[in-house]
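Work through three short exercises on the structure below. Try each task before you read its solution.

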Amino acid sequence: MRLHLGYVPTAQQALFHASDADEVLYGGAAGGGKSRALVMEALMRCLEHPGTAAYLFRRSYRELEDTLIAEARTAYPSALYTYRAARHDMELLNGSVLRFRHCLSEDDRFLYQGAEIHWLFIDEITHFTKDMYDFLKSRLRAKKSLGIRPMVRCAGNPGGIGHAWVKARFVDIGEAGKVHAWRVESGVMGKSRMHTVQFIPARSTDNPHIGESYIFELEQKPKALRDALLHGKWDAFEGQAFAEWLNDPAHHHDGRFSHVIHPFDIPAAWPRYRSFDFGYARPFSVGWWAVGPDGEVYRYREWYGARGPNEGIRLDARSIARGIREAERAHEPDMIVRGVADPSIWDASRGESIAEQMQRERVYFQSADNARLAGKMQLHARLRLDKEGRTGLYVFSTCKDFIRTVPSLALDPVRVEDVDTRGEDHIYDETRYFLMERPVGAAKKRRPKPKGPLD
């Protein structure tokens, strides 16, 4: 049987289909033809390789029915498949199958523990946590007899609970469009191979099938939403918890209209603080802060216990304490550093508390004020700019995990005044612990800034 698919991909869609990378992210902006690209890629792979299974994911079945399933039923020739609505499966004539699946909660990923996924497709990937992604990716496997190499294809826009890890994995690794590779080792097999990742950006202006009225509509959106959906910018997005954040390399030297600055030698007289959020399976975070002459605060060093986005290095409390003590011996040997930490580290209900274990290593903390909304408002107040472009909080450019995670935090969709705790919020938490020790009023009048390192 010869079937004409009637699909003419855009230039960016063609790049997506031609990619041989292990993992590919397509999109970034709205209207780039992401859904059509995903369903057509899934169909073409299943047609080319009989007897294979493509899994296409959205968070809910309602989203699947409104997007990927509807797109597939519109785009695929009806003679090519049989759709089993009860199972959300499309069975092709050559024995391949497209399985449309959901992963709404963290526990839902375990529904696929026994699955053999040959081709993994995830739409709106920034709505998925990294744990979901990693688990679903672990189900990629195929019998040798199939002669295929399983791979991942994703699509999405900036924003959502997965924004930080998606941006780190696909966008921040290097130039868009290029394939980026690193070597992975197998101790079991005694072999290694290259693993490849690619980000292919697409915008509505790349899609000749999008009407002009849609682009006009996107241009009328608020700036953050417009930048994300029209221009595909990953540094600002709708629902961003701290939209005040600015990182302008042109002003790292003077701190005007930029919260990120070049490091400088902090005067010994400035008060020093250390804030801490414990984590084991999740990252722990230690931040060192200095308070300037006008009350402005500087994050000048950090230690983020992560082996990857939102994955801890599983270091025990005493080892963390020893690392803190060694760092302060090297950098603040004759200074008093006041420690403040999450009150939960004093919990001794299951034995010796984390705080007590750290005290054995002569590292001490005071219990922080853990009021979530008050702490969030303190960060908003600190990030606000005055008329000269100065701010109440600066971050040294060497504190890369703060710069990566805090601006990427999203608002909670239910508790809309709070940060979504499903995101990578560990540095944010220890930041607000410190800020609650040095609270400022949102309307506090700032005195003229004296001459200092940024002048």
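The exercises use a predicted model.

**Exercise 1. Place strand 1 among its partners.**
Task: Find which strands pair with strand 1, and state whether strand 1 is covered.

Solution:
- Start with the strand itself. Strand 1 spans residues 23-28.
- Check its cover. Of its 6 residues, 6 are buried.
- Take one partner. Strand 9 (residues 191-202) pairs with strand 1 in the parallel sense, over 6 bridges. Here Glu23 has Val197 as its bridge partner.
- Take another partner. Strand 7 (residues 151-156) also runs parallel to strand 1, with 5 bridges. Here Val24 is bridged to Arg153.

**Exercise 2. Classify Glu238.**
Task: Is Glu238 buried, partly exposed or exposed?

Solution:
- Locate the residue. Glu238 sits in the loop between helix 8 (223-229) and strand 10 (260-261).
- Read its relative accessible area: 45%.
- Apply the cut-offs. Buried means under 20% and exposed means over 50%. Glu238 is therefore partly exposed, because its 45% falls in between.
- Look across the sequence. Pro158 is 80 residues away along the chain, yet the C-alpha atoms of Glu238 and Pro158 are 8.3 Å apart.

**Exercise 3. Describe the nonpolar cores.**
Task: Which residues have the most contacts inside the largest nonpolar core?

Solution:
- Name them. They are Phe242, Phe276, Met358, Leu393 and Phe402, in a core of 52 residues.
- Find the top contributor. Strand 12 (residues 284-291) gives the most to this core, with 6 residues.
- Follow one residue. Beyond its neighbours within four places in sequence, Leu393 has contacts that include Trp289, Leu379, Phe402 and Leu435.
- Look elsewhere. A second, separate core has 34 residues, among them Leu38, Tyr76, Leu98 and Phe100.

Terms used
Residues are numbered from 1 along each chain as its sequence is written. This is a predicted model: local features need pLDDT of at least 70, side-chain atom pairs count only at pLDDT 80 or more; totals for chains, interfaces and linings use all residues. Side-chain values use heavy atoms; hydrogens and water are left out. Buried means under 20% relative accessible area, exposed over 50%, partly exposed in between (1.4 Å probe, protein chains only). Helices (H or I, at least four residues) and strands (E, at least two) are DSSP runs, numbered from the N terminus. Two strands pair if DSSP finds at least two bridges between them. A nonpolar core is a set of buried Ala, Val, Leu, Ile, Met, Phe, Trp, Tyr and Cys residues joined through side-chain atoms within 4.5 Å. Contact means heavy atoms within 4.5 Å.
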